[in-house]
Amino acid sequence: MENMDIIAIARELGKKLQQEEAYIKYNMARQAADEDKELQQLIAKFSELRTKIAEDAANQEEQKDIEGAKKRAEENYEKNHSYNPEGFRGRGSRNCRLYARMQRQLRNLRRLRMIRE
C-alpha cells in the first residue's frame, strides 16, 4: 500500500464507501424519489414558484432603485436649474457632474432592467 498513488487510494475509499449501509439506503431513497412522478412534479412546481418569487422580489427592488435614481436626478436637476435658470454653464461645475452621473446611473438601471426582461 505504500507504493499506491493517491488516485488508487481514493478509488479504494470510494469502493468501501459504496458498500456502507448508509450509502446504500441513500441510493435507494434517491432512486425511489427519482422514479416518483408525483414527487418530481411537486419539486418542479416548487422550483418554478421559488424562481417566480425571486424574480418578483428582484423586479420590485429594481423598480425602487430606478424610481430612487430618477427622483434624485430630478431633484438635482431642479436644484441646479434653480441656481442657474439658463441651465448648466461649463463642464467643470460640481452640480453638472453630479447631474450627469445621476443620468448615467438612471440609464444603466434602465439597461439592466431591459436585459432582465
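1. A starting point is how the chain's contacts are spread along the sequence: among contacts in the protein chain between residues at least 6 apart in sequence, 47% join residues at least 24 apart. One pair that is distant in sequence can be picked out as an illustration, since Ile66 and Leu106 are 40 residues apart in sequence, yet their C-alpha atoms are 6.4 Å apart in space. Ile66 belongs to helix H3, and it counts as buried because its relative accessible area is 8%, where the cut-off for a buried residue is under 20%.

2. Please keep in mind throughout that this is a predicted model, and that the confidence of the prediction should be read alongside every detail. The protein chain has an average pLDDT of 81, and 80% of the residues score at least 70. Confidence in the protein chain is highest in helix H1 (residues 6-18), at a mean of 92, and lowest in helix H4 (residues 94-116), where the mean is 76.

3. The overall architecture can be stated briefly, for the protein chain contains four helices and zero strands, which gives the pattern α-α-α-α when it is read along the sequence. Of the 117 residues in the protein chain, 11% are buried. The area that the protein chain exposes is about 10400 Å², and carbon and sulfur atoms supply 53% of that area.

4. Turning to charged side chains, the count of salt bridges comes to three. One of them joins the side chains of Glu21 and Lys25, with a distance of 3.1 Å from N to O. Both residues lie in helix H2 (residues 21-35), where they are four residues apart, about one turn of the helix. Glu21 and Lys25 are also alike in being exposed.

5. Helix H2 holds another of these bridges, between the side chains of Arg30 and Asp34, with 3.6 Å from N to O. Here too the spacing is four residues within helix H2, or about one turn. Arg30 has a relative accessible area of 39%, so it counts as partly exposed, and Asp34 is likewise partly exposed because its relative accessibility is 47%. Both classes follow from the rule that exposed means over 50% and buried means under 20%, so that values in between are called partly exposed.

6. Which residue forms a salt bridge with Asp56? The partner is Lys52, and the closest N and O atoms of the two are 3.2 Å apart. Asp56 and Lys52 are separated by about one helical turn because they are four residues apart in helix H3 (residues 37-83). Asp56 is partly exposed because its relative accessibility is 35%, and Lys52 is placed in the partly exposed class because its relative accessible area is 46%.

7. The aromatic side chains deserve a separate remark, since the count of aromatic pairs comes to one. The rings of Tyr23 and Tyr26 have centres 6.4 Å apart and planes at 45 degrees, so this pair is described as tilted. A student may wonder why the word is "tilted", and the reason is that planes under 30 degrees apart count as stacked and those over 60 as edge-to-face, so the rest are tilted. Tyr23 and Tyr26 both lie in helix H2, three residues apart, which is about one turn of the helix.

8. The two tyrosines also appear on the surface, where Tyr23, Ile24, Tyr26 and Met28 make a nonpolar patch of about 420 Å². Tyr23 counts as partly exposed because its relative accessibility is 32%. A residue needs over 30% relative accessible area to belong to a patch, so this value for Tyr23 is sufficient on that criterion. Helix H2 is therefore a useful part of the model to inspect, since Tyr23 and Tyr26 lie in it, as do Glu21 and Lys25 and also Arg30 and Asp34.

Note on methods:
Residues are numbered from 1 along each chain as its sequence is written. Side-chain values use heavy atoms; hydrogens and water are left out. A salt bridge is a side-chain nitrogen of Lys or Arg within 4 Å of a carboxyl oxygen of Asp or Glu. Helices (H or I, at least four residues) and strands (E, at least two) are DSSP runs, numbered from the N terminus. Buried means under 20% relative accessible area, exposed over 50%, partly exposed in between (1.4 Å probe, protein chains only). Patches are made of residues with over 30% relative accessible area and no salt bridge: like charges are joined within 9 Å, nonpolar side chains (Val, Leu, Ile, Met, Phe, Trp, Tyr) within 5 Å. Accessible areas come from the Shrake-Rupley method with a 1.4 Å probe; for residues, only the protein chains shown count as cover. pLDDT is the predictor's confidence in each residue, from 0 to 100. Rings of Phe, Tyr and Trp (its six-membered ring) pair if their centres lie within 6.5 Å; planes under 30 degrees apart count as stacked, over 60 as edge-to-face and the rest as tilted. Contact means heavy atoms within 4.5 Å.
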